[in-house]
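Here is a small set of exercises to work through with the coordinates open beside you. Try each task before you read its solution.

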Amino acid sequence: MADKIILTGIRPTGPLHIGHYCGALVNNVAIQNAGDYSRMYGMIADAQGLTDNFDDPEKVRRNVIEVALDMLSVGYDPEKTTLFIQSAVPELTELTFYYMNLVTVARLQRNPTVKGEIAQKEKFANGLPVGFLTYPISQAADITAFRANVVPAGDDQAPMIEQTNEIVHKFNSIYGDVLSPVKIVMPDSSLAARLPGTDGNAKMSKSLGNCIYLKDSADDIATRVKTMFTDPKHLRVEDPGNTTENPVFIYLSVFAKPEHFAAFLPEYKDYAELAAHYERGGLGDVKVKKFLNAVLQETLRPIRERREMLARDIPSVMEMLRVGTERARAVAAETVDAVKRAMKLNYFE
Ligand code: TRP
């Protein structure tokens, strides 16, 4: 589909970890490199990041560059993907304000992703900022500003896409046919879509301290793997073990390739053989963790090396973002013009 316009977005609220890597980044880079689109954008969603971090501007600022380094080091290519910073495209804020008329408070409160986030956030216990409640509207602005019709994302983003399409339809029915609907494209494997934390928690998250970051050193990775949660009932090597709720095995099922088995654990042909042995009993955690460490080291070393190289020249990374942002801004400005014309706000034309 040559008229495909793809937008991906990441909140810069922390460095990216292997959960982001297998849940989104690998998929996005594969889409980028397949080249089956007319335009692809990679947005660093700092303004959205601020909706629950407005009290920590330094954190968001610092992580814009961290996330840019992460994106480049996993293979985002500025020649193919327009990388830009959300807040530096003020047209997005302008669109958000007009779209706000088209959404009710009740509809925002029903958005399951937003609802879940609000419930989890202690800092919102005494009052919910309007900015946070309305971020799905700003996300609709992000998507429609670039006329994106494909958004690759995890299932947590499905409610955002649904709300975007509601806004698109409402806008078009009131003001005329200006905005285009959008589709979410989710990664194939549901397992890869959400990697558990190293502690076995369902989610990898900075606040839980259970992440392996793309920028982690070889030693950091080794330590994390050594202390990983496994099957608490697998006490002795002979005991049968559980692999399905065991993060060590979940990570292996995602990251271990046949060539890793050939290089580091040739007694087993593939994941299925290794998992079967663990479930039967007779396979110790230390051996499995050593293998996982080798697999992760192999996977992350080239990313880290690229990242270290890029980090030596931050001004070049900033310049790349500036150029991308300028290009993105020109496209968003065209959409704002069309939107304002449709809304009869084109007084001086
Ligand atoms: N909500 C996304 C996240 O939390 C980030 C995001 C902002 C986004 N705007 C977007 C994603 C537009 C896709 C399209 O990761």
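**Exercise 1. A threonine and its surroundings**

Is Thr164 buried or exposed? Keep in mind as you work that this is a predicted model. Then place Thr164 in its element and list what surrounds it.

*Solution.*
Step 1. Look up the relative accessible area of Thr164: the value is 0%. Buried means under 20%, so Thr164 is buried.
Step 2. Find the element: Thr164 belongs to helix α9.
Step 3. Check the polar atom of its side chain. The backbone oxygen of Met160 lies 2.8 Å from a polar atom of the Thr164 side chain.
Step 4. Collect the contacts, leaving out residues up to four places away in sequence. Thr164 then touches Gln139, Ala140, Ile143, Thr144 and Val182.

**Exercise 2. The two faces of a helix**

Which residues of helix α6 are buried, and why do they lie on the same side? Go on to describe the opposite face, the cover and the N-terminal end.

*Solution.*
Step 1. Helix α6 spans residues 112-120, and its buried residues include Thr113, Val114 and Glu117.
Step 2. These buried residues cover an arc of only 95 degrees around the axis, which is why they sit on the same side of α6.
Step 3. Turn to the face pointing away from the buried side: exposed residues Pro112, Lys115 and Ala119 are found there.
Step 4. Ask what covers the buried residues. The cover includes α5 (105-110), α7 (130-133), α8 (135-145) and α9 (158-175).
Step 5. Finish at the N-terminal end of α6, which is capped by Asn111. A side-chain oxygen of Asn111 lies 3.0 Å from the backbone nitrogen of Thr113.

**Exercise 3. The shell around the ligand**

Which residues surround the ligand? Sort them by class and by element, then pick out polar contacts.

*Solution.*
Step 1. List the shell: Leu7, Gly9, Arg11, Met43, Ala45, Gln48, Gln139, Asp142, Ile143, Val151 and Gln157.
Step 2. Sort by class, which gives 5 nonpolar, 4 polar and 2 charged residues.
Step 3. Sort by element. Both β1 (5-10) and α8 supply at least two residues of the shell, and α8 gives the most, with 3 residues.
Step 4. Look at the nitrogen atoms of the ligand. A polar side-chain atom of Gln48 lies 2.7 Å from a ligand nitrogen. For Asp142, an N or O atom in the side chain is 2.8 Å from a nitrogen atom of the ligand. For Gln157, the corresponding distance is 3.1 Å.
Step 5. Put the cover into numbers: on its own the ligand has 360 Å² of accessible area, and the protein covers 89% of this.

**Exercise 4. A glycine in a helix**

Where is Gly49, and which residues does it contact beyond its sequence neighbours?

*Solution.*
Step 1. Gly49 lies in helix α2, residues 46-50.
Step 2. The relative accessible area of Gly49 is 0%, so Gly49 is buried.
Step 3. Setting aside neighbours within four places in sequence, Gly49 is in contact with Arg11, Thr13 and Val60.
Step 4. Compare sequence with space: Gly49 and Pro12 are 37 residues apart along the chain, while their C-alpha atoms are separated by 6.1 Å.

**Exercise 5. Positive phi values**

What is the sign of phi in Arg147 and in Lys344? Locate both residues and give their exposure.

*Solution.*
Step 1. Recall the background: most residues other than glycine have a negative phi.
Step 2. Phi of Arg147 is near 50 degrees, a positive value. Arg147 sits in the loop between α8 and β4 (150-152). With a relative accessible area of 32%, Arg147 is partly exposed.
Step 3. Lys344 also has a positive phi, of about 65 degrees. Its place is in the segment after α16 (314-342). Lys344 is exposed, since its relative accessible area is 66%.

**Exercise 6. A covered helix**

How many residues of helix α12 are buried, and which are they?

*Solution.*
Step 1. Helix α12 runs over residues 247-255 and is mostly covered, with 7 of its 9 residues buried.
Step 2. The buried residues are Pro247, Val248, Phe249, Ile250, Tyr251, Leu252 and Phe255.

Note on methods:
Residues numbered from 1 in each chain as written. Predicted model: local features only at pLDDT ≥ 70, side-chain atom pairs only at ≥ 80, totals over all residues. Heavy atoms only, no water. Buried < 20%, exposed > 50% of the residue type's maximum accessible area, 1.4 Å probe, protein only. Helix = DSSP H or I, 4+ residues; strand = E, 2+ residues; numbered from the N terminus. Arc of directions from axis to C-beta. Contact = heavy atoms within 4.5 Å. Polar contact = N/O pair within 3.5 Å; in protein donor to acceptor, adjacent residues only side chain to side chain. Near = heavy atom within 4 Å. Areas by Shrake-Rupley, 256 points an atom, 1.4 Å probe, with all protein chains shown as cover. Nonpolar A, V, L, I, M, F, W, Y, C, P; charged D, E, K, R; others polar.
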